[in-house]
Protein chains: 2
Amino acid sequence: MTDTEPRRRARPRGKRPPTILDVAAHAGVSRGTVSRVLQGGHNVSSASQEAVHAAIRKLGYVVNRAARSLVTQRAGSVAFLLSEPQERFFEDPNFTTLLRGCTTALAEHDLPLILITAGTEAERRRIAPFLSAHHVDGVLLVSSHRGNPMVDHLRRTGLPFVCCGKPLGERDAVSYVAANDREGARAMVRYLLESGRNRVATITGPQDTPGGLERLDGYRGMLTERGIVYDTRLVAVGDYSRASGEACMQQLLTSAPDIDAVFVASDLMADGALTAIERAGLRVPDDIAVGGFDDSPVASATHPPLTTIRQPWARISEMMVRQLLAQIDGEGPATVILPTELVVRESA
Amino acid sequence: MTDTEPRRRARPRGKRPPTILDVAAHAGVSRGTVSRVLQGGHNVSSASQEAVHAAIRKLGYVVNRAARSLVTQRAGSVAFLLSEPQERFFEDPNFTTLLRGCTTALAEHDLPLILITAGTEAERRRIAPFLSAHHVDGVLLVSSHRGNPMVDHLRRTGLPFVCCGKPLGERDAVSYVAANDREGARAMVRYLLESGRNRVATITGPQDTPGGLERLDGYRGMLTERGIVYDTRLVAVGDYSRASGEACMQQLLTSAPDIDAVFVASDLMADGALTAIERAGLRVPDDIAVGGFDDSPVASATHPPLTTIRQPWARISEMMVRQLLAQIDGEGPATVILPTELVVRESA
DNA sequence: CTGAAAGCGCTTACAG
DNA sequence: CTGAAAGCGCTTACAG
């Protein structure tokens, strides 16, 4: 359009927005006082406070975050760092649920969320300087697989970070927030047994993730507790994808045709399992009861709707944010485990 | 842990990261020269350039973005603004595909993406000052419904913004990037007709969204072109959700039991339609051919896999980012329409 | 091609 | 409780 206009100027001819100096002038105080009001109004007379607030409203003043950051040495933002092959997480409904929760929780603290993906080695290299330079004050880290290099890198940067789910294979203390996977699995298996099922199989998550490991452990523990021998023929290892759920179920149906229930470690896989069962001409829950895990959006969309274990995503997000803020304020790492809840629908 | 430590300090005792002054000292030049190198090295001797680059590497210097922002009057970041009821978009696979694409495209320009949700009026009020204060340099706006107040608000702020999909009901020029919905719909209907189907129904998207409107228009146009009378009994209006696809299909099956094909305006709805068809005891594609739209991840996971129209999400993201950067550099608004592609699988 | 210097808009000891 | 002032780390005319 306007070819002659200069480029690379932010607001070429718009008048500058009001600064703290304008506010000070309007309120009849110094800019130090305005700043103090901005910081919470400690040690400021109520008369001054009111005058400043009035001026702020009148001028529509909003703090310049860059200027503030420069002096406070804080970025004033937090990263949501996805250190997984992108496909996996962007297709997993749990991920979006978590992202949404964190965005909301951070918004309440006026902290913008910066979304960073680091699924590949190249991406990790690219964001390293960004993190090292503390362009964010902390990191919400989503990375489930064992030995993720991001954990080490973050530790070296000295940036506060909180993981979603227990990071596997870390010797030192790392902050994380997780649902009680083991108890969740136990609750589901207990429910299946108490509804009269005898041969309960399981489809697990990947065995290099905490959810994969602990949900299997819960399954095994509950069987043992009830005096049932753990039978590896009743165990199929999936990768959380719908397709793997289908394949695993098909396998179980062949290797152990007498099963009457299956605990599936994710709803997405459970949906796949449903497909395999249906294809085999069996009915759910009449012939085989199916229990999922997550209570993700798919759980109520399957046929039949899934009986599943609800992960407390809202609370997980909140606690991740809370822990991160605490660490930014100097607290040490902490572990938070949140209870799950059995949601009974029609599949079991 | 360390109770006696002062709080609210960013890096209490870590040594400060190197500044441009350290680099200048190491390179034996002034800080103005370092800055010029950082800006691209124009008007700097190659000797100086090399010395500066060496110093940067040696010290691990990374620019302080806050300081830069303060002087350039640019935020150095871009917002991805979701102005829809959250549930909808966070469950729609298209959304995550778009978000992923934009994150990647922005990363290539070293621009952090700030994720902002503004699905409710309260949220919109909350982020208004953030936007007005130009805490981001531009906005990638995702908002499909007619008359979204965010468009007006953004226009008032003077912030550059680019919409994903045509914003309905806007009189003035607004930048947007969209797939060619109409042509995509035409291609699908053409394909169905040419595979020998005669009674082609459609399940549309919401009629206050461009995709809802234009895909229906494409359907209608192609029928007319082939001399087929447009029959409203063959049209059911959905809302892009899986559930609505199922309900619409059920309705069509009742009101027009002789249909032998259906063009569904989203893969998610098509998946729902598949369920309804199956429940009615009909086979796909033998009895009814089903064509979807999106080629989202669900398309290959349905039974049978969906023949659908691929939306060029990677290109859409790239173009949105490119347009936004152009606007930030002073260019005027522009409209970009990208072609779609027919993907033939098994459902039609 | 280069340096010295002003200035971006804040916060925070420091005096009073 | 309040003001004056230093300083956060950059960029960019301005001279030379």
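**Entry 1: the DNA contacts.** I began with a base contact: a polar backbone atom of Ala67(B) lies 3.3 Å from a base nitrogen of DNA strand D. I call such a pair of N or O atoms within 3.5 Å a polar contact. This is a predicted model, where local features need pLDDT of at least 70, side-chain atom pairs count only at pLDDT 80 or more, and totals for chains, interfaces and linings use all residues. Residues are numbered from 1 along each chain as written, chains are lettered from A and ligands numbered from 1 in written order, and side-chain values use heavy atoms, without hydrogens and water.

I then looked at the phosphates. A side-chain N or O atom of Gln39(B) is 2.6 Å from a phosphate oxygen of strand D. For Ser30(A), a backbone N or O atom is 3.0 Å from a phosphate oxygen of that strand.

**Entry 2: the surface near strand D.** I took a residue as near if one of its heavy atoms lies within 4 Å of the strand. There are 29 residues around DNA strand D, and Arg36(A), Ile20(B), Arg31(B), Ser35(B) and Gln39(B) come nearest. From the DNA side, 61% of the strand D atoms within 4 Å of the protein belong to sugar or phosphate; the rest belong to bases.

Which helices supply at least two residues each? I found H2 (31-38) and H4 (65-72) of chain A, and H2 (31-38) and H4 (65-72) of chain B. Helices here are DSSP runs (H or I, at least four residues), strands are E runs of at least two, and both are numbered from the N terminus.

**Entry 3: the record.** UniProt, in an unreviewed entry, lists residues 18-72 of chain A as "domain: HTH lacI-type". Such annotations may be inferred rather than shown by experiment. I read that stretch as 69% helix and 0% strand, with its end C-alpha atoms 21 Å apart.

**Entry 4: the largest cavity.** I checked for cavities (sets of points on a 1 Å grid over the protein atoms alone where a 1.4 Å probe fits but cannot get out; lining residues have an atom within 4 Å of a point). The largest has a volume of about 410 Å³, counted as the space filled by probe spheres set on the points, which are joined across faces, edges and corners. Of its 27 lining residues, Ser144(A), Arg215(A), Tyr240(A), Gln311(A) and Trp313(A) are closest to the centre. H6(A) gives the largest share of the lining, 4 residues.

Where does the largest cavity lie? It lies between domain 2 (78-179 + 314-339) and domain 3 (181-310) of chain A, because both give residues to its lining. The domain bounds come from an automatic or database assignment.

Definitions and conventions. Polar contact = N/O pair within 3.5 Å; in protein donor to acceptor, adjacent residues only side chain to side chain. 1 Å grid on protein atoms, 1.4 Å probe; cavity = no way out; pocket = protein on both sides within 12 Å on 5 of 7 lines; lining within 4 Å.
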